[in-house]
Amino acid sequence: MRAPAVDLEALLSRLVSLDSVNPDLVPGARGESEIAAFVADWLRDRGLEVRLGDTGRAGRPNVIATAPGTGGGRSLLLNAHVDTVGVEGMRAPFEPAVRGGKLYGRGSMDTKGALAAFMCAAADARRARLRGDVVLTAVVDEEYASAGTEAVVSDLAAGRIRTDAAIVGEPTGLEIVTEHKGFAWFEIETTGVAAHGSLASVGVDAIAAMGPVLDGLEEEARRLASSPPHHSLGTGSIHASLISGGQELSSYPRSCVLRLERRTVPGETPDSVQRELETLLDRIRGERPRLRAQLRRLFVRDPMEADRASAVAVALAAHVARVTAKPAVFAGMGGWLDSSLLDRAGIPTVVIGPAGEGLHGVEEWVDLDSVRACREIVRGMLFDFCA
């Protein structure tokens, strides 16, 4: 049975029109409060039980909406983020425009298209009164620190949310993503001796000391690129991201700080990556005994590798095939997603969403037919999995 007529395009246009730029990315940005209020009201008006969940970010709540089941069925969590990246360089980021079957505007692809599809599917489930609960979490802060989904994980641990599986909305082109890369951020500081620029016998240049470290990172990048690849994600990678040092032109710099990112694949851990970097520094110290360098771990997000034979993955694949008239495609994704947090919490999790282009770019759009298909896929999934 197909979903009743709902103006999905109008809902998506309204979501895109709401400025929800993450204020941790762009200081002074509006944040997610307005879009959270709209999503909450829209779902409440359609009969769902709605509450706002604390995320530890003032004025930036999650929306947690439940279509309660009649009992005896499996429950499913739908998760999509409401925040976006910034809009610098965009002409009219919050004026949605439809051209050639594509809806343009900030967040249309990432990931308000999936959010609109999930909202409509959850409203359909509420009308149908399925046996299992359908829970929709519209979360904040995915684009920065994932405080929203971390709060959902806390709710799961405390029993405030219950689910048997989860679907996370991201722009996958209707492919089912079951694995993605993780990342680890590190900082390396080289230390020299500050001195007047004329005192070559005293000063030790901390910036120059970073040179062999950068050369070593290039060697490490080549080693990773030639290592055995993961079946869908390829290999891990490493790159220098930020570097700073020195006080003024007339002085030897006392300190140089390099920040780097290491992208990880399943099987790699923060500890194993840190050991690789420590080994690299030890080798350089052996070649340059005067080198004084310290490694610090800053932040870590783990990769994800979900079971493609899980009940939620198999059922979702069947509905992708039903709606698209093509076999479902399972895939990996290079970027990190909130799905990892749910997966590590023991919730069988998969990722799906519509197609589009312009991720974090100055021209972002989502394909409207794929948004409609996403809604049909998720609706069918709810009526199957939760019935």
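Here is a short walk through the salt bridges of this structure and one nonpolar patch on its surface. This is a predicted model, where local features need pLDDT of at least 70, side-chain atom pairs count only at pLDDT 80 or more, and totals for chains, interfaces and linings use all residues. Residues are numbered from 1 along each chain as its sequence is written, and side-chain values use heavy atoms, with hydrogens and water left out.

The structure holds 30 salt bridges (a side-chain nitrogen of Lys or Arg within 4 Å of a carboxyl oxygen of Asp or Glu). One of them joins Arg296 to Glu189, with the closest N and O atoms 2.9 Å apart. Arg296 sits in strand β14 (residues 293-301) and Glu189 in strand β9 (residues 182-191), so this pair ties together parts 107 residues apart in sequence. Strands here are DSSP runs of E, at least two residues, and helices are runs of H or I, at least four, numbered from the N terminus. Glu189 is buried, at 15% relative accessible area, while Arg296 is partly exposed at 25% (buried is under 20%, exposed over 50%, partly exposed in between, with a 1.4 Å probe and protein chains only).

Now look at helix α6 (residues 270-287), where Asp282 and Arg285 lie three residues apart, about one turn. Their salt bridge has its closest N and O atoms 2.8 Å apart. Elsewhere, Asp24, Glu32, Arg57, Arg60 and Asp141 are linked in a network of salt bridges.

Finally, Tyr144, in the loop between β6 (134-139) and α4 (147-158), is partly exposed at 47%.

Technical notes. Patches are made of residues with over 30% relative accessible area and no salt bridge: like charges are joined within 9 Å, nonpolar side chains (Val, Leu, Ile, Met, Phe, Trp, Tyr) within 5 Å. Accessible areas come from the Shrake-Rupley method with a 1.4 Å probe; for residues, only the protein chains shown count as cover.
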